Amino acid sequence: MGVTKSEKFTTEQNEIALLAKVLGHPARVAIIQHLFKINTCICGDLVDEIGLAQPTISQHLKELKNSGLIKGNIEGTSVCYCIDKDNWTKMKNLITDFLELDTSSNCC
């Protein structure tokens with residue numbers, strides 16, 4: 001498989017693909033679900049909650065943060081993470097618009 005030429009696609013297409021990739025790992029889905037469940041920032045208790053090693057959790061948090069779905073604030077020696085509500089809403093709207101493309105189709 002060749003290198004994806006992202007410049008050949010719209011910004012929206014690239015954003016949807018990035019979000020799908022970020023949400024394509026069950027650990028990231030579990031982290032997001034946990035952050036919504038506790039409805040507050042979390043500083044380091046994810047290892048027990050998710051059941052993965054700290055370096056693995058850190059890598060997943062990095063991916064979620066890079067995508068903008070979560071944000072992190074430094075508190076002492078820890079980074080506390082929570083859902084970025086504005087970016088979450090943007091993502092929901094983008095994905096909803098994409099998933100509703102079929103509502104106006106009369107094809108086959």
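**Exercise 1. Where is the place of Asn 39?** Then work out what stands out about its backbone and whether it is buried or exposed.

*Solution.* A quick reminder before we start: this is a predicted model.

- Step 1: Follow the chain past H2. Asn 39 sits in the loop between H2 and H3.
- Step 2: Look at the backbone angle. Phi of Asn 39 is near 55°, a positive value in a residue other than glycine. For background, most residues other than glycine have a negative phi.
- Step 3: Check the surface. The relative accessibility of Asn 39 is 58%, and exposed means over 50%, so Asn 39 counts as exposed.

**Exercise 2. Find the salt bridge, and say which helices hold its two residues.**

*Solution.*

- Step 1: Count first. The tally comes to one salt bridge.
- Step 2: Name the partners. The side chains of Glu 49 and Lys 37 meet in this way, at 3.9 Å from N to O. The cut-off is 4 Å, so the pair qualifies.
- Step 3: Place them. Glu 49 belongs to helix H3 (residues 46-50) and Lys 37 to helix H2 (residues 26-38), so the pair ties together parts that are twelve residues apart in sequence.
- Step 4: Compare how each one meets the outside. Glu 49 is partly exposed, with a relative accessible area of 40%, whereas Lys 37 counts as exposed at 62%.

**Exercise 3. Describe how H2 packs against H4, starting with the angle at which their axes cross.**

*Solution.* Two packed helices are described by the angle between their axes and the distance between the axes. Let's take those in turn.

- Step 1: Get the geometry. The axes of H2 and H4 cross at roughly 75° and come within 10 Å.
- Step 2: Put a word to the angle. The range for roughly perpendicular is 65 to 115 degrees, so H2 and H4 are roughly perpendicular to each other.
- Step 3: List who touches whom. From H2 come Ala 27, Arg 28, Ile 31 and Ile 32, and they meet His 60, Leu 61, Glu 63 and Leu 64 of H4.
- Step 4: Sort them by class. This contact has five nonpolar, one polar and two charged residues.

**Exercise 4. Do the same for H1 and H5: at what angle do they pack?**

*Solution.*

- Step 1: Helix H1 (residues 11-22) and helix H5 (residues 85-99) pack at about 105°, and their axes are 11 Å apart.
- Step 2: That makes H1 and H5 roughly perpendicular to each other, too.
- Step 3: On the H1 side we have Glu 12, Glu 15, Ile 16 and Leu 19, which meet Met 91, Leu 94, Ile 95 and Phe 98 in H5.
- Step 4: By class, the contact of H1 with H5 has six nonpolar, no polar and two charged residues.

**Exercise 5. Which residues of the largest nonpolar core touch the most other members?** Then zoom in on Leu 64 and Ile 32.

*Solution.* In soluble globular proteins, nonpolar side chains tend to be buried together.

- Step 1: The largest nonpolar core has 19 residues, and Ile 31, Leu 46, Leu 61, Leu 64, Leu 69 and Ile 70 touch the most other members.
- Step 2: See where the core comes from. H1, H2, H3, helix H4 (54-67), strand S2 (78-83) and H5 each supply at least two residues.
- Step 3: Look at Leu 64. Setting aside neighbours within four places in sequence, Leu 64 is in contact with Val 22, Arg 28, Ile 31, Ile 32, Leu 69 and Ile 70.
- Step 4: Move to Ile 32, which lies in helix H2. Ile 32 has 5% relative accessibility and counts as buried. With the same neighbours-in-sequence rule, Ile 32 is in contact with Leu 23, Leu 64, Leu 69, Ile 83 and Trp 88.
- Step 5: Try one spacing. Ile 32 and Leu 61 are 29 residues apart along the chain, and their C-alpha atoms are separated by 9.6 Å.

**Exercise 6. Is Gly 76 buried or exposed?**

*Solution.*

- Step 1: Find Gly 76 in the loop between strand S1 (70-75) and S2.
- Step 2: Gly 76 has 70% relative accessibility and counts as exposed.
- Step 3: For a spacing, take Gln 59, 17 residues from Gly 76 along the chain: the two C-alpha atoms are separated by 20 Å.

How values were computed: Residues are numbered from 1 along each chain as its sequence is written. This is a predicted model: local features need pLDDT of at least 70, side-chain atom pairs count only at pLDDT 80 or more; totals for chains, interfaces and linings use all residues. Side-chain values use heavy atoms; hydrogens and water are left out. Axes are lines fitted to C-alpha atoms, for helices over the stretch in contact, and angles run from 0 to 180 degrees between N-to-C directions. Helices (H or I, at least four residues) and strands (E, at least two) are DSSP runs, numbered from the N terminus. Angles under 35 degrees count as roughly parallel, over 145 as roughly antiparallel, 65 to 115 as roughly perpendicular and the rest as oblique. Contact means heavy atoms within 4.5 Å. Ala, Val, Leu, Ile, Met, Phe, Trp, Tyr, Cys and Pro count as nonpolar, Asp, Glu, Lys and Arg as charged, and the others, Gly among them, as polar. Buried means under 20% relative accessible area, exposed over 50%, partly exposed in between (1.4 Å probe, protein chains only). A nonpolar core is a set of buried Ala, Val, Leu, Ile, Met, Phe, Trp, Tyr and Cys residues joined through side-chain atoms within 4.5 Å.
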